[in-house]
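Please open the structure in your viewer and keep the selection tool at hand. This tour proceeds from one selection to the next and states what is found at each stop.

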Amino acid sequence: MDKVLVAAARGLHGTLTVPGDKSISHRSIMFGALAKGTTIIDHFLFSDDCRRTLAAFQALGVPITVDGERVTITGVGFAGLKAPQQALDLGNSGTSTRLLLGLFSKQPFPIKFFGDASLSKRPMKRVIAPLSKMGAKIQATDTDFLPLTIATNTTLQPVEMTIPVASAQVKSALIFAALQANGTSKLTELAQTRDHTERMLRQFGGEIDKNGLTLTIKPQSQFVAQKFRVPGDMSSAAFFALAATLVPNSQLRLAQVGLNNTRTGFLDVLSRMGADFRVEDVDSKTVEASGDVIVTSSKLKATTVHGAEIANVIDEIPLIALAATQAEGVTEISDAAELRVKETDRIETVATELRKLGANIETKPDGMIIHGPTPLRAVTSDRVDSHGDHRIGLMLAVAALLSKSQLTLTDAAAINVSYPNFFTDLEQVLD
């Protein structure tokens with residue numbers, strides 16, 4: 001599906017409630033399925049990815065009902081899951097795949113996974129290898145790719161290990177496996193990554209200890225059902241925050257966005273670049289804090305993004321690259337080689353698509369160098385391409401707001417992976 005994008009926007013104003021957090025929505029289904037009782041989740045994100053997680057647990061016999069943005073789950077526990085009648089289709093969802101590898105790794109029946117063409121190219125050895133050290137039995141194509149099979153298994157051994165990559169998905173898979181192991185596990189991160197799994201584990205009555213970058217997990221299976229509202233997704237809010245920053249004459253309120261400190265790195269980068277925003281009406285009484293982010297258009301200056309900061313802005317780096325094209329000076333992004341194994345090689349894809357609009361970008365093995373500011377307009381083509389990657393498609397929709405040329409987005413349906421109502425929401429706040 002192609003989409004003609006809005007060009008040369010005059011401003012963004014009003015209040016917008018962005019969809020529920022994608023990471024939290026995934027995990028809420030998982031913990032709800034494992035808990036005793038009925039879990040009720042409001043403001044659930046019904047994106048393609050989260051629907052894959054929901055459908056996977058339904059296929060394993062978990063009663064789940066949907067009413068608008070509310071999901072109700074009757075938990076069955078680890079022991080109550082049933083063998084699925086067919087292989088699980090996880091679509092484009094890397095989060096579903098990697099976390100479920102850990103969660104399903106001790107089931108007494110085999111489970112098969114497959115996905116779309118993009119997911120089938122994404123590496124799984126980074127999860128399979130450490131899970132194998134715990135005794136998980138996972139057979140993947142060429143040892144690294146979908147389709148794969150989690151074989152029948154009844155024993156998992158505890159481990160003490162440094163997690164091989166700074167990845168919240170790998171960490172979460174190992175936490176789910178550690179909950180089912182025969183003893184206490186210790187997992188040490190290379191850098192702090194998103195901690196939604198740890199927070200939700202505690203919310204559902206579980207225990208996990210943290211000392212610096214080391215997590216200690218004891219085996220446990222008794223979780224208590226919860227009722228809660230998923231906060232707005234900071235990664236989705238980021239597209240509108242940047243749009244309101246870059247489009248002149250804008251002021252936009254993003255209502256009750258999640259403010260987990262492992263997710264606000266993008267705001268930290270924007271602040272360093274000179275963006276004008278403030279946070280109000282903070283609700284910090286819940287496990288995942290939220291608040292309103294009010295953004296006013298402003299001029300930006302270049303910055304450097306590297307090191308430990310990368311882990312918590314990894315999904316927003318395409319947006320940081322776009323911001324850098326409009327910033328005064330040279331922005332350098334380093335230590336982000338992880339981008340090359342996302343839905344696309346996001347380093348090359350970002351550079352390729354923004355160069356079509358006149359951006360001055362050099363690529364490196366682990367990042368980019370962006371020279372700004374440069375006006376955006378169709379230079380080599382008026383067609384930009386998501387390459388099947390939702391974050392690339394959304395970033396290009398924001399870029400189009402600044403473009404002096406009318407642009408058409410190829411494969412616009414890719415955005416449904418995380419933000420199916422993006423264009424409707426954009427229309428709501430455009431002048």
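**Two pockets and a helix crossing**

The second largest pocket holds about 460 Å³ of space; please bear in mind that the model is predicted. To find this pocket, select Leu246, Pro248, Lys299, Gln326 and Leu402, which are the closest to its centre among the 19 residues of its lining. Next, colour helix 7 (234-246) and helix 11, as each supplies at least two residues of this lining. Colouring the lining of the second largest pocket by class shows eleven nonpolar, five polar and three charged residues.

Now turn to the largest pocket, with a volume of about 600 Å³. Select Ser167, Ile314, Asp315, Glu338 and Lys342: of the 35 lining residues, these are the closest to the centre of the largest pocket. The lining of the largest pocket comprises ten nonpolar, nine polar and 16 charged residues. Which helix gives the most to this lining? It is helix 1, with four residues.

Keep helix 1 (residues 22-34) selected and add helix 6 (residues 196-203); their axes come within 10 Å and cross at roughly 40°. This angle is why helix 1 is described as oblique to helix 6. The crossing of the two helices is right-handed. To display the contact, select Ser23, Ile24, Arg27, Ser28 and Phe31 on helix 1, together with His196, Thr197, Met200 and Leu201 on helix 6. By class, the residues of this contact are four nonpolar, four polar and one charged.

Note on methods: Residues are numbered from 1 along each chain as its sequence is written. This is a predicted model: local features need pLDDT of at least 70, side-chain atom pairs count only at pLDDT 80 or more; totals for chains, interfaces and linings use all residues. Side-chain values use heavy atoms; hydrogens and water are left out. Axes are lines fitted to C-alpha atoms, for helices over the stretch in contact, and angles run from 0 to 180 degrees between N-to-C directions. Angles under 35 degrees count as roughly parallel, over 145 as roughly antiparallel, 65 to 115 as roughly perpendicular and the rest as oblique. A crossing is left-handed if the near helix is turned anticlockwise from the far one by less than a right angle, and right-handed if clockwise. Contact means heavy atoms within 4.5 Å. Ala, Val, Leu, Ile, Met, Phe, Trp, Tyr, Cys and Pro count as nonpolar, Asp, Glu, Lys and Arg as charged, and the others, Gly among them, as polar. On a 1 Å grid over the protein atoms alone, a cavity is a set of points where a 1.4 Å probe fits but cannot get out, and a pocket is an open set with protein on both sides within 12 Å along at least five of seven lines; lining residues have an atom within 4 Å of a point. Grid points are joined across faces, edges and corners, and a volume is the space filled by probe spheres set on the points.
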